[in-house]
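Work through the exercises below with the model open. Each task is followed by its solution.

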Amino acid sequence: MSNQDSNPKPGVTRREMIARVSGTVAVAAGATWAAKHLYDPVGDAGLPVYPPRTLKNYFAPIFDSYGASTPRISVAHGGTDAAGEIPRETIQKMIQAALGPMGGIEKFISKGDTVLIKPNVAFDRGPRMAATTNPDVLAEMIRLCRSAGAKRIIVADNPIEKPEPCFAKSRIKHATESEGAELMLPSNALFAPVAIRDRDPRPADFEALGTWEVFHRPLELADKVIGLPPIKDHNLCFASMSIKNWYGLLCGRRNQFHQAIHNIVSDLGMMMSPTLIVVDATRVLMKNGPTGGKLEDVAIGGVSGRPAIIASVDQLASDAWCCRHLLGRDPAAGVRYLDLAETKIQGRIALGRDEAALRARLTADQVQNKSGGGRERIDAKVTQILHESKRFGIRDWQVYQREGLIKETSV
Amino acid sequence: MRDGPGARERIVGAVCLLLTVGIVGGFVLDARRPRPPFFSVPPEMQIAAISPEVRHAMSLLPEQPAPGWQLDSSGPEVYAGEAMARPLGEPAESLTEAGVKRLFQGRYLDREDTRRQLTVRVFELEGPGQAKKLAEAKRPRDAVGEPLGRGGWRGGDGAIGFWGGRYYTHVSANEAARDAVLTPQLLARETASRQVAFDEEAPRPVASATEGAGGALPSTEVAQAILPVIEGGTWIGPAQVATFDPTNLWEKINGRAEAYLAYDFRRMTFGTYRLKSKATDVVDAFVYEMGDATKAFGMYQSERSSNATPAAIGADGYASASGLFFCKGKSYVQLIGGEEAALSAEQYLQIGQAIASGIEDEGGANWAEKLLPQEGRVADSLEFITQDAFSLDFLSEVFSARYRDGDDETTLFIHRAADEKAAGALFDKYATSIETLGGKVLKREQNEEGAYAEGDISGEYDIIFWKGRYFGGANAAPNLEFARKRIESLRGAIEP
């Protein structure tokens with residue numbers, strides 16, 4: 001054995017060198033790539049800010065097919081039994097009679113729809129006090145929606161007080177569960193910020209809401225929304241009807257809006273475009289609203305003396321009609337939010353009248369403001385505005401009356 | 001021993017070293033490109049640059065209370081000792097004697113019109129006791145309750161005051177800002193939300209049978225004094241006792257709260273009684289404590305049902321199909337039966353009398369009853385208006401009632417002023433307002449008892465007088481003669 005064999009000369013072969021250099025370069029390159037791409041110079045400030053949600057126009061799917069001669073308001077009057085009560089069968093007939101001239105429930109609810117019914121469950125009062133929606137009316141609406149093929153029916157409201165006693169005492173919980181609908185109680189996890197308008201509100205223009213936290217989850221799930229308000233006196237805003245009913249969707253410290261109640265309620269009228277309004281005028285709280293507390297303050301059917309159900313696709317006109325015909329008050333005298341809501345709603349409707357002009361204006365704004373997004377962004381904005389414009393909203397219900405778009409029946 | 005690195009190894013090593021240096025160096029050079037460091041704070045905002053006093057002021061004063069409004073360029077101001085006289089224009093001694101340690105002031109301007117200005121002044125005192133005293137001393141005579149902090153009030157000029165903890169806060173607007181969108185109320189709310197409105201009393205432990213809610217937790221003793229256990233064993237409760245103050249009454253009765261606040265609401269205690277023999281028969285008891293007995297009566301009267309069945313309880317009471325309502329002393333009590341409760345009037349009375357027995361009443365709430373004539377008075381038309389009676393901003397705390405005889409109708413009113421001078425001043429203001437509203441004073445006379453005037457505004461007649469410390473009249477009467485006769489009765493009932 002030679003010395004060479006027992007002591008091999010140390011050294012790096014070419015192969016080893018290539019392998020080692022390649023490995024080093026690869027590791028270094030990887031480290032460099034990782035450092036460059038994972039380095040976060042701005043930290044949390046760079047986190048994406050998700051834009052607040054916007055609400056759908058729940059009437060838009062029906063708007064185009066809603067006939068020009070189909071009633072905008074349909075009233076069905078009923079009666080009481082010998083004991084002065086309103087039988088369940090009468091309520092059923094009133095609802096069907098109210099919806100009949102408008103095409104029936106099938107006009108509004110399609111097979112497979114998820115329907116949100118929004119009653120008023122604001123207080124822990126029994127149904128007879130008329131501070132909350134009549135549970136019998138709710139039960140019948142649930143049945144009707146199911147008969148039209150609704151896949152899922154949600155009943156939701158966000159009372160000021162603790163929800164559990166409100167839903168229990170008002171019997172809304174019982175009505176919901178006995179008809180197999182889903183009761184969605186408010187909780188923080190179900191709230192979300194919603195952009196009612198895409199800027200801060202201008203109080204000088206009677207605006208109250210910009211982005212606000214809303215009980216959003218049921219609205220997000222719903223294909224169709226039915227407002228189911230009672231009619232009540234209200235010490236702040238004169239009357240609580242269908243537009244005011246949407247107050248129950250707001251979260252947070254909403255009491256601050258009491259100082260400018262007409263601003264907030266009119267914003268709600270603009271914010272929410274429901275599929276249908278079904279007004280519960282079985283019992284009307286004539287005095288000491290919105291809480292009530294005395295049966296003497298409640299009148300069956302209000303000043304009409306007969307229980308009624310009012311179906312409408314124009315919550316503004318129906319509120320004005322109800323104020324006059326159920327509370328016996330002149331809407332022009334005290335319900336300022338109706339005027340303000342009309343201005344705001346008509347503003348939205350007007351934007352969608354001329355698509356070409358709208359598109360041109362948005363394009364010019366984009367150029368002037370040098371904001372990016374291009375045509376895609378404009379298309380999206382145009383689509384949104386056109387969607388929001390598909391609704392009705394006039395305060396003067398007499399316009400509908402003159403055109404024969406208010407129907408009244410008796411059952 | 002191994003030889004030193006060979007040539008190849010040296011080359012490999014050098015290459016590796018160059019690569020490493022190049023990569024690290026490139027990274028370092030790239031990182032040194034100008035961009036705001038992550039943890040940097042602009043120099044002017046660095047903590048060390050702001051004094052503790054200003055930091056304290058910044059925590060108390062809202063920065064941007066409404067869109068378009070912000071603190072003026074001088075930022076939050078802090079004054080102590082003699083310097084407190086500067087912003088107030090009054091001697092600092094009175095403040096230091098009252099226990100004021102510092103004054104934090106913020107002036108807010110409307111960016112669209114900087115003439116509009118609101119001012120917030122937060123006085124820091126030794127403790128809640130001094131803060132409460134200062135708030136009460138600063139409260140104007142014509143102030144009404146406001147749901148802010150503790151003891152919140154709103155003066156006739158729109159200024160707001162409240163105390164909470166060791167602070168007394170005052171919010172006011174200048175003349176130019178009178179009709180601004182940001183009102184003293186809104187600004188005061190923002191400011192109040194930054195304070196903890198604690199009182200001198202330490203919170204007492206709440207018994208397990210009661211549930212605290214709202215502002216301060218009720219002590220067991222307080223709750224039992226207001227909503228007592230009914231002797232005899234017929235009733236169980238009260239359960240679910242909760243107390244609400246002006247800041248959170250809305251959590252119980254929502255928008256209706258404003259109606260109570262207008263009558264100087266102070267506290268509401270709520271509890272539920274349950275009939276022992278039938279669990280579904282429940283009665284909700286609401287005990288509203290108002291600023292004084294007259295305001296309690298006024299609130300009670302405003303909600304009273306017409307043609308209600310009188311009930312012999314309290315200073316005035318009536319039974320309804322669903323409960324019992326009465327006022328006594330400063331309290332207005334509502335007992336409302338549950339939907340399925342089939343309770344008799346006697347059962348409601350049992351609870352009502354137990355509650356009433358714990359309420360003090362010095363009488364005199366409805367002092368106008370014996371003055372306003374009975375003849376021709378429309379039933380249940382008597383009301384007590386706390387402010388802006390007949391849309392006149394200087395006329396507050398007025399009893400009024402409607403009178404009718406056939407087609408003739410009028411409304412009589414009466415106000416009890418502090419003294420003759422105050423009554424006379426109101427008379428003069430009202431007389432001036434007749435002309436301001438485009439009317440004409442038809443007659444005005446003075447006598448030893450007081451003064452009398454008649455006015456015509458667009459064909460409707462106002463008659464006013466003052467006598468002793470009372471100021472009264474008839475408002476918007478279509479028939480002057482009819483109104484004159486009623487006024488004659490009213491004046492005659494007042495002893496000078």
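Two strands pair if DSSP finds at least two bridges between them; strands (E, at least two residues) and helices (H or I, at least four) are DSSP runs, numbered from the N terminus. This is a predicted model: local features need pLDDT (the predictor's confidence in each residue, from 0 to 100) of at least 70, side-chain atom pairs count only at pLDDT 80 or more, and totals for chains, interfaces and linings use all residues. Residues are numbered from 1 along each chain as its sequence is written, with chains lettered from A and ligands numbered from 1 in the order in which they are written.

**Exercise 1.** Describe the pairing of β7(B) with β8(B).

Step 1. β7(B) and β8(B), residues 167–173, run antiparallel over 5 bridges.
Step 2. I160(B) lies opposite V171(B).
Step 3. The hairpin has 2 residues between the strands, and G165(B) in its turn shows a positive phi of about 60°.

**Exercise 2.** Find how β6(B) joins β7(B).

Step 1. β6(B), residues 150–154, is antiparallel to β7(B), with 3 bridges.
Step 2. W153(B) has G161(B) as its bridge partner.
Step 3. This hairpin has 5 residues between the strands; G158(B) takes a positive phi near 90°.

**Exercise 3.** Is β7(B) buried or exposed?

Step 1. Buried means 20 or more other C-beta atoms within 10 Å of a residue's own; exposed means 12 or fewer, partly exposed in between, with C-beta atoms placed from the backbone.
Step 2. In β7(B), residues 160–164, 5 of 5 are buried.
Step 3. Both faces are covered: I160(B), F162(B) and G164(B) on one side, G161(B) and W163(B) on the other.
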